[in-house]
Amino acid sequence: MSISTVQQAFEEFERTSVRVADVENRAAKRVQAEFREAVQKALGAWYADSFLAGSYRRKTQAVHLKDLDIVIVLNDPTGELRASPSGALALMKGAAHTYSLVRHVEVKCRAVECELDGHSFWADLVPALQDGRGGLLLAYVDRKEGIEEWRPADPKGQVAACQAKNAATDGAYVPVTRICKFWNQSFTSSPSQEKPMPSYLVEAILHDALSGSCDWSDAVLAFFENAERHLSLPYPSVPCPGKSTDYVDEKLEDPRRLKALAKVQTVLPYVRAAANETDPYKAMDAWVFVFGQSFPAPSTKPGLIAKALRNRTATVVGTGVSVSSSGRQPIPVRSHGPAPTES
Amino acid sequence: MRLDSTIALLTVREMRRLPDVAAYAERARVRLWDLLAYSALAETGDGRLRLVAVFPGHPDTAHPDVLCLDGPRTSKHRNPPFEDGVFGKSATLCLYYRQDPQERRWTAEYGLLGLFDIARVHVTNEYIWRRDGRWPSEDAPHGMTAPAREEPSLAVPPLSPRNTILHRRPSVLPASERPTTARKAAA
């Protein structure tokens with residue numbers, strides 16, 4: 001596809017670099033269906049219903065699938081589970097082991113986390129009870145704090161809010177959420193190391209920033225400006241998209257908030273420069289400063305990079321190969337491989 | 001200042017969740033908690049790829065292996081074991097010819113950043129090779145081949161003198177100070 005506008009560049013970037021690969025999505029689709037079936041069989045009469053929740057359901061995961069949230073609604077005719085949230089988690093643990101791909105199970109506060117053989121994503125089985133008024137209660141067990149209770153929650157409300165915002169923005173909200181998460185994930189390769197912002201905070205800040213249809217570059221600018229505004233405040237201020245009386249940043253500690261603010265303030269001048277650039281090709285090059293070498297732009301064209309590699313003038317900038325002379329000079333190795341007979 | 005914040009030491013739990021790393025350990029008959037592995041990111045036309053550098057031995061004595069966990073796996077320069085019977089289809093990048101002179105190989109003095117940068121160049125070469133059928137950087141013929149001629153002028157200085165200090169090899173003792181066989185035996 002020939003790219004002549006910034007919007008086209010963003011769409012190409014989202015399609016090729018940001019969106020979760022089809023192969024992973026297909027695997028997840030199969031796994032979640034099989035897992036829910038196995039759990040239903042294992043639970044027997046305890047099982048009432050199950051549904052997908054979280055960012056997998058909202059389609060807002062970026063680059064790779066991390067986890068699949070599967071909410072299992074339980075029947076509790078005798079009130080036995082209502083009296084024991086930890087009992088509900090133990091029930092989930094037992095049921096999880098009946099699925100052949102489950103290799104390792106760990107009980108967390110709200111769910112049992114299940115590692116799956118041959119997959120880098122995992123599944124969280126979340127036990128839930130009907131609250132009798134059409135809502136749900138989710139288990140919460142924190143042994144260190146001595147908390148064991150059922151808490152009201154509305155996992156379907158977050159999905160509905162996401163879908164409504166996506167419709168209100170003519171389909172910009174979901175892909176731009178992924179793009180903003182892509183930036184948020186660019187600081188570490190380790191899933192257990194902290195990203196600048198919790199993932200759902202990114203979604204909520206963008207949700208709060210967008211009100212109607214817009215170009216994706218404007219949406220990204222709106223995200224960073226709104227992030228700076230919220231992160232500058234020393235109190236919770238980002239409303240939960242699914243329940244506006246709750247704040248997503250309620251548990252965001254000050255040190256993390258300030259670190260995230262510093263990252264946002266560092267990148268914001270580059271975002272403003274890119275969004276305000278009127279020449280589309282210069283704008284694309286400016287977005288490379290924000291999103292890295294996988295953003296389609298004149299300076300990241302494969303032909304240009306190939307020429308620089310041939311001439312040994314290519315350098316490494318950040319985590320990608322660049323035609324810039326100011327990057328790191330790589331060791332001039334000769335790639336190699338085995339002889340066909342050695343394989 | 002860290003030049004690459006994406007480099008991270010992998011924990012056993014993280015390695016267990018990466019099928020390619022788990023398979024590597026199984027092939028090498030190494031338990032995950034005995035494996036030293038780091039991850040980093042690479043941005044290419046194929047998108048954001050996760051790279052994992054695995055050290056099967058001490059970096060001064062054993063070459064590391066770098067795995068690319070994402071993107072297309074068929075390449076001109078990847079190491080076995082190959083998947084689906086397709087030559088060149090695997091996760092293990094064949095970064096350099098180990099018989100080449102020192103200036104064309106990774107050594108511990110270059111640190112993890114130097115290693116991941118070679119891998120980033122490698123996966124960018126792969127992306128272009130898949131599009132155009134040409135490997136843009138220099139490459140060596142497959143299998144046993146003649147090493148490249150020595151060109152010390154190509155040597156890239158280590159990025160930080162600290163790297164050199166951290167990985168400095170012990171200097172060889174003068175003959176007079178070396179332990180004799182008798183002393184060795186006594187020790």
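How many residues of chain B are in contact with how many of chain A? I looked that up before anything else: 61 residues of chain B are in contact with 41 residues of chain A. Contact here is C-beta atoms, placed from the backbone, within 7 Å.

Ground rules, for my own memory. This is a predicted model, where local features need pLDDT of at least 70, side-chain atom pairs count only at pLDDT 80 or more, and totals for chains, interfaces and linings use all residues. Residues are numbered from 1 along each chain as its sequence is written, with chains lettered from A and ligands numbered from 1 in the order in which they are written.

**Interface, chain B side**

I listed the elements that give two or more residues to the side touching chain A: helix 1 (12–16), strand 2 (36–44), strand 3 (47–55), strand 5 (78–79) and helix 3 (111–132) of chain B. Helices (H or I, at least four residues) and strands (E, at least two) are DSSP runs numbered from the N terminus. Helix 3 of chain B gives the most, with 12 residues. By type, I get 26 nonpolar, 17 polar and 18 charged residues on this side of chain B. Nonpolar means Ala, Val, Leu, Ile, Met, Phe, Trp, Tyr, Cys and Pro; charged means Asp, Glu, Lys and Arg; the others, Gly among them, count as polar.

**Chain A overall**

I find 11 helices and 11 strands in chain A. Its C-alpha atoms fill a box of roughly 75 × 60 × 35 Å along the principal axes. Of its 343 residues, 44% are buried. Buried is 20 or more other C-beta atoms within 10 Å of a residue's own, exposed is 12 or fewer, and partly exposed is in between, with C-beta atoms placed from the backbone.

The domain assignment gives domain 1 (22–153), domain 2 (158–290) and domain 3 (296–322) of chain A; such bounds come from an automatic or database assignment. I put the centres of domains 2 and 3 of chain A 28 Å apart, over C-alpha atoms. Here 5 residues of domain 2 are in contact with 5 of domain 3, and the domain 2 side has 4 nonpolar, no polar and 1 charged.

**Cores**

The largest nonpolar core has 89 residues, and I72(A), M92(A), L125(A), A128(A), I205(A), L206(A) and F223(A) touch the most other members. A core is a set of buried Ala, Val, Leu, Ile, Met, Phe, Trp, Tyr and Cys residues joined through C-beta atoms within 7 Å. Domains 1 and 2 of chain A both give residues to this core, so it lies between them. I also noted a second, separate core of 50 residues, which includes L309(A), A8(B), L18(B) and V21(B).

**Helix 2, in each chain**

In chain A, helix 2 (residues 22–43) has 22 residues and reaches 31 Å from first C-alpha to last, close to the 32 Å expected at 1.5 Å a residue; the expected span is 1.5 Å times one less than the number of residues. Its buried residues are A28(A), V31(A), F35(A), R36(A), V39(A) and L43(A). They fall within an arc of 135° seen down the axis, so they line one face; the arc is that of the directions from the helix axis to the C-beta atoms. G44(A) follows helix 2 of chain A with a positive phi, near 60°.

In helix 2 (residues 19–28) of chain B, I find D20(B), V21(B), Y24(B) and A25(B) buried. The face turned away from that buried side carries exposed E26(B) and R27(B). R29(B) follows helix 2 of chain B, and its phi is positive too, near 55°.

Terms used
Contact = placed C-beta atoms within 7 Å.
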